[in-house]
Amino acid sequence: MTEPDPAHTPEPAREPTPTPPHTAVTRVFPDCVPTLAGKGIVLRAHTEADVARIVEQSRDPMSQRFIPLPFPYEESDARGYLEHVARSGWERGNLREFAIDEILPDSTRRFVGNVALGSRDNGRYELGFVLHP
């Protein structure tokens with residue numbers, strides 16, 4: 001049996017220092033929102049360009065069935081969501097709302113939904129998502 005080569009001994013795993021979702025941010029929205037990319041998907045800050053797709057998503061009967069949304073859902077509702085939910089959640093530090101983009105075959109991106117992590121009571125969190133029909 002051979003001795004392990006100390007030059008190739010892996011370093012012990014380091015635990016990442018988590019940033020709790022309730023931690024206040026020091027940068028202003030949307031700069032405080034990280035962009036997270038994976039295979040075929042990007043999570044990012046919401047923008048004004050998302051409004052039309054948010055309206056379509058929020059008018060979908062399944063969205064209306066499971067989410068307490070205004071009816072009829074209008075552009076002003078989508079803008080209110082961006083300002084009073086997405087932006088203010090990041091700025092208060094109690095809600096992390098991301099836009100979900102699908103990366104298309106031509107490398108362009110298309111808004112396909114929202115995902116959110118929100119703090120609740122007693123150190124509990126809630127994860128929710130809505131997808132564009």
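Me: In this predicted model, which residue of β4 is the bridge partner of Asp101?
Reply: β3 and β4 run antiparallel, with 9 bridges joining them. Asp101 also faces the other way along the sheet, as it is the bridge partner of Val42. On the β4 side, its bridge partner is Phe111.

Me: How many helices and strands does the chain have?
Reply: Reading along the sequence gives you the pattern β-β-α-α-α-β-β-β. Count those up and the chain has 3 helices and 5 strands.

Me: In what order do the strands form the open sheet?
Reply: Pairing in this sheet is antiparallel, and 5 strands take part. Strands of a sheet pair through backbone hydrogen bonds, whether parallel or antiparallel. Here the order is β1-β2-β3-β4-β5.

Me: Which strands stand at the edges, each with a single partner strand?
Reply: In the order β1-β2-β3-β4-β5 the sheet is open, so look for strands that have one side left without a neighbour in the sheet. Those edge strands, at residues 36-38 and 125-131, are β1 and β5.

Me: And what does the twist average from one strand to the next?
Reply: Keep the open, antiparallel sheet of 5 strands in mind. Going from one strand to the next, the twist averages 20 degrees.

Me: Over how many bridges do β2 and β3 pair?
Reply: β2 covers residues 41-44 and β3 covers residues 95-103, and the two are antiparallel. Within that pairing, Ile41 stands opposite Glu102, while Val42 has Asp101 as its bridge partner. In total, β2 and β3 pair over 4 bridges.

Me: What angle does the direction of α3 make with that of β3?
Reply: Two helices come up here. α1 (residues 51-59) packs on the sheet against β4 and β5, at about 70 degrees to β4. α3 (residues 75-92) packs on the sheet too, touching β3 and β4, and its direction relative to β3 is about 110 degrees.

Me: How many of the residues of β3 are buried?
Reply: For the chain as a whole, 32% of the 133 residues count as buried. β3 is mostly covered, and of its 9 residues the buried ones number 7.

Me: Which strand supplies the largest share of the lining of the largest pocket?
Reply: The pocket has a volume of about 580 Å³ and is lined by 27 residues. At least two lining residues come from each of α1, α3, β3, β4 and β5. The largest share is 6 residues, and it comes from β4.

Me: By class, how many residues of the lining of the largest pocket are charged?
Reply: Nearest the centre of the pocket lie Ile67, Tyr81, Val85, Glu97 and Val130. Across the lining, 14 residues are nonpolar and 9 are polar. The charged ones number 4.

Me: Is Phe29 buried or exposed?
Reply: Phe29 sits in the segment before β1, and it touches Ala45, His46, Ala86, Arg87, Trp90 and Glu91, leaving aside residues up to four places away in sequence. Ser88 is 59 residues away in sequence, yet the C-alpha atoms of Phe29 and Ser88 are 8.4 Å apart. The relative accessibility of Phe29 is 8%, so Phe29 counts as buried.

Me: What is omega for the peptide bond from Phe71 to Pro72?
Reply: Start with the bond from Phe29 to Pro30, which is cis with omega near 5 degrees; Pro30 lies in the segment before β1. Pro72 is in the loop between α2 and α3. The bond from Phe71 to Pro72 is cis as well, with omega near -5 degrees.

Me: Where does Ser107 lie?
Reply: Ser107 takes a phi near 75 degrees, a positive value in a residue other than glycine. Its relative accessible area is 60%, so Ser107 is exposed. The hairpin it belongs to has 5 residues between the strands, and Ser107 lies in the loop between β3 and β4.

Me: What is phi of Asn122?
Reply: You'll find Asn122 in the loop between β4 and β5. At 71% relative accessibility, Asn122 counts as exposed. Asn122 isn't glycine, but its phi is positive, near 55 degrees.

Note on methods. Residues numbered from 1 in each chain as written. Predicted model: local features only at pLDDT ≥ 70, side-chain atom pairs only at ≥ 80, totals over all residues. Heavy atoms only, no water. Pairing = 2+ DSSP bridges. Axes fitted to C-alpha atoms, helices over the stretch in contact; angles between N-to-C directions. Contact = heavy atoms within 4.5 Å. 1 Å grid on protein atoms, 1.4 Å probe; cavity = no way out; pocket = protein on both sides within 12 Å on 5 of 7 lines; lining within 4 Å. Points joined across faces, edges and corners; volume = space filled by probe spheres on them. Nonpolar A, V, L, I, M, F, W, Y, C, P; charged D, E, K, R; others polar. Buried < 20%, exposed > 50% of the residue type's maximum accessible area, 1.4 Å probe, protein only.
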